[in-house]
Amino acid sequence: MSESSTIFALSSGSGMAGIAVIRLSGKAAFATVTSLTGVLPAPRKAVRRTFRHPDTREALDDGLLVTFPGPHSFTGEDVAEFHLHGSLAVVRAMLDVLSGMAGLRLAEPGEFTKRAFRNDRMDLVAAEGVGDLIRARTERQRKQALHHALGGASQVIEGWRRDLIATLGRVEAAVDFADEADVAQATVEDVRRRLDDLISRMRTALAEADRAASLRDGLKVVLAGSPNVGKSSLLNRLAQREAAIVSAIPGTTRDVIEVTMEFSGVPVILTDTAGLRPETEDEIERIGMDRTSRELASADIVVWISAPEDRSGPPAELDSETLWIENKSDLAGNSPEGTGAQYRISAKTGEGMAGFFAALEERVLRMAAHAESAVLIRSRHKQISSSCVENLLRASAQSADHLELMAESLRAAAYDMGRLTGRIDVEDILDSIFRDFCIGK
């Protein structure tokens, strides 16, 4: 699609509502306003107007009009917003009229934000933050997304870029004096000090990346244990609904069952899994156990559940944070002796659940701590930043005899930094980022 065309879309939610907002962006935006209202209002001032069909002059609706001249608008282009009554009929009539006007077309998903990026109104990290803000479900997700959308993460990355460019300039200036040993050696020593500081800051951000990604995507809590220890009952108790089938027959759960919850603003994906035992002749149960193993490998927190009839503890190879609980404390003769469980509960009666839930919530909050202000929150961020650090380390390892190689590694690191903010060579990733936006954003 041509980016010279003027685009329009419903930017508010679809369906019946009190107010609907239709947004236009492009060279023909203000001419369109004049065609529909007859008068172009003062910039950034909401005025009441009757919107009329450009050919028949039939009244379409009575509402508010706001204009934002470029380049000081969201997209960097001339932008207009029609604030209409939110009925389906009004919205449909306005969209039909706009569709029939020359030079206008319906926007693609995320195209308004994509144009803002193209016109240097925001970088790619901020644009991704806008997308996350649209999809935020919890308070902490909102804070994290807003931090990125408002440029908080971009400011940190820009600081890295400035330091890197200054360091690269120092090396390139010294290349002309490479034959002078004192100059070359002094340059290397200075550059290494600068790179040590930059690498340290970037590694700190990388260390927070996984935790931040868990806040963005949802912390994964996996319920696991032997068959018939009450995993599904515990899932239902935590979810406060019948999310999983509960039966006294071992092996009832064959597939992975997920329930999305919120722990003090942190999204949590609570996962019920098939019971694990040394061997089974049931092929379907074996498939379920294989899936359980995969879920355990990707878990942020594992809740291992045992019961009086099977007090086996969590496997030694688990590398996730683990909470071991013993279920069925309501059964007569149930004794905690001989078990290493940290909590004894009854998913049936609720006994002991308060203490266990508090411990689980504490771990969730600790894992998500400070993730709202993290710089790197996507796998793309982590991969590119890791590549950048590798290039910085490669540069730092060069001797005074190889200033050209040091400069080349620094240029590669700068290229990585450009890919992170989206200023160079990003055509292959733009569509994958913006396609998940809603049409009017």
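Two strands count as a pair if DSSP finds at least two bridges between them. Keep that in mind for β1 and β2, where phenylalanine 8 has leucine 24 of β2 as its bridge partner. What you're looking at is a predicted model. Here's a quick tour, starting with β1 and its partners, then moving on to the rings, the odd backbone spots, the open sheet and a pocket.

**β1 and its neighbours**

- Strand β1 covers residues 6–10, and 4 of its 5 residues are buried, so the rest of the structure largely encloses it.
- With strand β2 (residues 17–25), β1 runs antiparallel, and 4 bridges hold the two together.
- Besides the phenylalanine 8 and leucine 24 match, alanine 9 finds its bridge partner in arginine 23 of β2.
- The hairpin of β1 and β2 has 6 residues between the strands, and glycine 15 in that hairpin takes a positive phi near 95°.
- With strand β6 (residues 104–106), β1 runs parallel, and the link is made by 3 bridges.
- One spot to look at along that link is threonine 6, which stands opposite leucine 104 in β6.
- β2 also runs antiparallel to β5, with 8 bridges between them.

**Arginine 23, a residue with several contacts**

- On the backbone side, arginine 23 is the bridge partner of alanine 9, and glutamate 81 in β5 is a bridge partner of arginine 23 as well.
- What does the charged end of arginine 23 sit over, 5.3 Å from the centre? That's the ring of phenylalanine 112.
- Arginine 23 also lies over the face of phenylalanine 74, where the distance to the ring centre is 5.3 Å.

**Aromatic pairs**

- Across the whole structure, a search turns up 2 aromatic pairs.
- One of them is phenylalanine 51 with phenylalanine 82, a tilted pair at 5.0 Å centre to centre with 50° between the planes.
- Phenylalanine 51 belongs to strand β3 (residues 47–52) and phenylalanine 82 to strand β5 (residues 79–86), so this pair links distant parts of the chain, 31 residues apart.
- Are these rings on buried or exposed residues? Phenylalanine 51 and phenylalanine 82 are each buried.

**Odd backbone spots**

- As background, most residues other than glycine have a negative phi, and most peptide bonds are trans.
- The peptide bond joining glycine 70 and proline 71 is cis, with omega at about 5°.
- You'll find proline 71 in the loop between β4 (59–68) and β5.
- Arginine 57 isn't a glycine, yet its phi is positive at about 65°; look for arginine 57 in the loop between β3 and β4.
- With a relative accessible area of 35%, arginine 57 is partly exposed.
- Serine 264 is a non-glycine with a positive phi too, near 50°, and it's found in the loop between β8 and β9 (266–272).
- Serine 264 counts as partly exposed, with 41% relative accessibility.

**The open sheet**

- In which order do the 6 strands of the open sheet come? Reading across, you get β8-β9-β7-β10-β11-β12, with mixed pairing.
- At the edges stand β8 (257–263) and β12 (343–344); each has a single partner strand, so one side of each has no neighbour in the sheet.
- Further in, strand β10 (residues 301–306) and strand β11 (residues 321–326) run parallel and are joined by 6 bridges.
- To get your bearings there, find isoleucine 305 and its bridge partner in β11, isoleucine 325.

**The second largest pocket**

- The volume of the second largest pocket comes to about 150 Å³.
- Its lining includes Met122, Asp123, Leu150, Glu158, Arg161 and Thr421.
- Which helix gives the most to the lining of the second largest pocket? Helix α6 (residues 152–175) does, contributing 5 residues.
- By character, the lining of the second largest pocket divides into 4 nonpolar, 4 polar and 3 charged residues.

Methods. Residues are numbered from 1 along each chain as its sequence is written. This is a predicted model: local features need pLDDT of at least 70, side-chain atom pairs count only at pLDDT 80 or more; totals for chains, interfaces and linings use all residues. Side-chain values use heavy atoms; hydrogens and water are left out. On a 1 Å grid over the protein atoms alone, a cavity is a set of points where a 1.4 Å probe fits but cannot get out, and a pocket is an open set with protein on both sides within 12 Å along at least five of seven lines; lining residues have an atom within 4 Å of a point. Grid points are joined across faces, edges and corners, and a volume is the space filled by probe spheres set on the points. Ala, Val, Leu, Ile, Met, Phe, Trp, Tyr, Cys and Pro count as nonpolar, Asp, Glu, Lys and Arg as charged, and the others, Gly among them, as polar. Rings of Phe, Tyr and Trp (its six-membered ring) pair if their centres lie within 6.5 Å; planes under 30 degrees apart count as stacked, over 60 as edge-to-face and the rest as tilted. Buried means under 20% relative accessible area, exposed over 50%, partly exposed in between (1.4 Å probe, protein chains only). A charge sits over a ring if NZ of Lys or CZ of Arg is within 6 Å of the ring centre and within 35 degrees of the ring normal.
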